[in-house]
Amino acid sequence: MKGAVDLQDRFKREINYLRVSVTDRCNLRCRYCMPADGVALSGCRDVLTLEEIARLVACAAGLGVNKVRLTGGEPLVRKGLVKLVERIREIAGIAEIALTTNGILLSGHAGELKAAGLDRVNISLDTMNPRKFRYITRRGDLDRVREGIGAALAAGLAPVKLNMVVMKGFNDDEVLDFARLTLERPLHVRFVELMPIGESDREGFLPLSLVRERIAGHFGLIPRKNVPGNGPAEYCAIPGAMGSIGFIAAMSHRFCNHCNRLRLTTDGKLRPCLQKEAEVDVMPLLRNGADDGALREAFRRAAAAKPGGHDMELNGWGCQPRKMFQIGG
Ligand code: SAM
Ligand code: SF4
């Protein structure tokens with residue numbers, strides 16, 4: 001469903017998608033995303049309340065935003081997440097609510113999230129080897145994620161997508177196993193290129209063209225057009241498979257021309273671009289009694305500040321001050 005979009009940037013891109021970081025806290029410490037310790041987290045007062053998030057989503061919906069993704073940090077560690085989904089579901093104009101999660105806490109919540117109005121879920125999973133999983137997440141139990149995937153399928157949070165960040169020398173030997181997951185279950189595996197954000201390391205970068213060649217050479221790949229989504233993935237499928245395979249090549253195949261999103265950070269900043277530091281701070285507006293018109297104006301300013309595209313390749317690795325868990329990846 002696409003209503004009238006009143007939010008356009010300088011490049012005539014229509015903004016109809018809001019990614020909301022509901023927390024910068026996480027129950028894992030993925031090596032490319034967060035440091036092991038010493039993480040500077042927002043204080044309670046600096047974090048948007050659920051009411052404030054719902055109000056901002058309603059303002060965005062008033063401008064034609066019709067898709068919302070809840071992310072983080074790990075969104076399932078935020079108290080009241082189910083309530084927030086219920087609140088957003090009631091907002092006129094919001095056609096789709098999605099969640100990005102590491103899956104650790106998903107099995108306990110998939111059913112109630114679906115009942116609250118969540119449409120679908122993306123689960124991040126970089127390896128199917130329990131030892132490697134514990135290594136990359138520094139603490140995670142792979143079985144919990146497996147249970148989470150099963151619970152998401154059972155609850156009908158479809159399409160269930162799995163996001164694998166491909167890292168040279170760490171998990172690139174598993175890409176065929178991940179592709180195989182799509183054969184007999186309606187799972188949509190997306191291979192993601194490592195980006196120079198957070199704690200990631202240039203040595204791990206692998207262009208997805210190589211992953212695609214390997215999968216196509218082994219299974220054959222055909223284009224697949226009808227996978228619901230809001231973003232940059234390019235989809236294909238193994239012939240006869242129930243699920244699909246997507247490629248998100250932010251570095252080697254920039255897709256900024258079709259960017260349709262704004263991000264809302266945990267501490268109340270509208271972020272026009274994942275990579276750029278420019279942000280519009282809505283917290284003072286919210287906390288000083290601004291009316292909805294002023295909040296909508298802040299969304300317009302954020303849209304107007306969207307750059308034509310990122311320049312992550314120029315920026316270098318490890319240079320970006322705000323990390324993925326702080327921005328809402
Ligand atoms: N905690 C949730 C999760 O892991 O799904 C949501 C937040 S996490 C920041 C969102 C996504 O960003 C995950 O799929 C993660 O793998 C990805 N990510 C984090 N740092 C990244 C990087 N440097 N390059 C590519 N993807 C990254
Ligand atoms: Fe947490 Fe997600 Fe970052 Fe991993 S990628 S540390 S699960 S926020």
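Biologist: How many nonpolar, polar and charged residues are in the shell around ligand 1?

Modeller: This is a predicted model. In it, 18 residues surround ligand 1. The closest include Tyr32, Ser124 and Met195. By class, the shell has seven nonpolar, nine polar and two charged residues.

Biologist: Which residue has a polar side-chain atom 3.2 Å from a nitrogen atom of ligand 1?

Modeller: Set the backbone contacts aside. Gly73 puts a polar backbone atom 2.9 Å from a nitrogen atom of ligand 1. Ile197 has a backbone N or O atom 2.9 Å from a nitrogen atom of ligand 1. The side-chain atom at 3.2 Å belongs to Glu74.

Biologist: How much of the accessible area of ligand 1 does the protein cover?

Modeller: Take ligand 1 on its own. Its accessible area is then 550 Å². Of that, the protein covers 92%.

Biologist: How do the residues of the shell around ligand 2 divide into nonpolar, polar and charged?

Modeller: Start with the names. Cys26, Leu28, Arg29, Cys30, Cys33, Met34, Gly73, Asn102 and Phe325 surround ligand 2. Cysteine counts as nonpolar and glycine as polar. The shell therefore divides into six nonpolar, two polar and one charged.

Biologist: Is Arg120 buried or exposed?

Modeller: Arg120 lies in strand 4, residues 120–124. Its contacts beyond four places in sequence include Arg69, Glu96, Leu157 and Pro228. Its relative accessible area is 2%. Buried means under 20%, so Arg120 is buried.

Terms used
Residues are numbered from 1 along each chain as its sequence is written. Chains are lettered from A and ligands numbered from 1 in the order in which they are written. This is a predicted model: local features need pLDDT of at least 70, side-chain atom pairs count only at pLDDT 80 or more; totals for chains, interfaces and linings use all residues. Side-chain values use heavy atoms; hydrogens and water are left out. Helices (H or I, at least four residues) and strands (E, at least two) are DSSP runs, numbered from the N terminus. Buried means under 20% relative accessible area, exposed over 50%, partly exposed in between (1.4 Å probe, protein chains only). Contact means heavy atoms within 4.5 Å. A residue is near a molecule or strand if one of its heavy atoms lies within 4 Å of it. A polar contact is a pair of N or O atoms within 3.5 Å; within protein, one must be able to donate a hydrogen and the other to accept it, and residues adjacent in sequence count only if both atoms are side-chain atoms. Accessible areas come from the Shrake-Rupley method with a 1.4 Å probe; for residues, only the protein chains shown count as cover.
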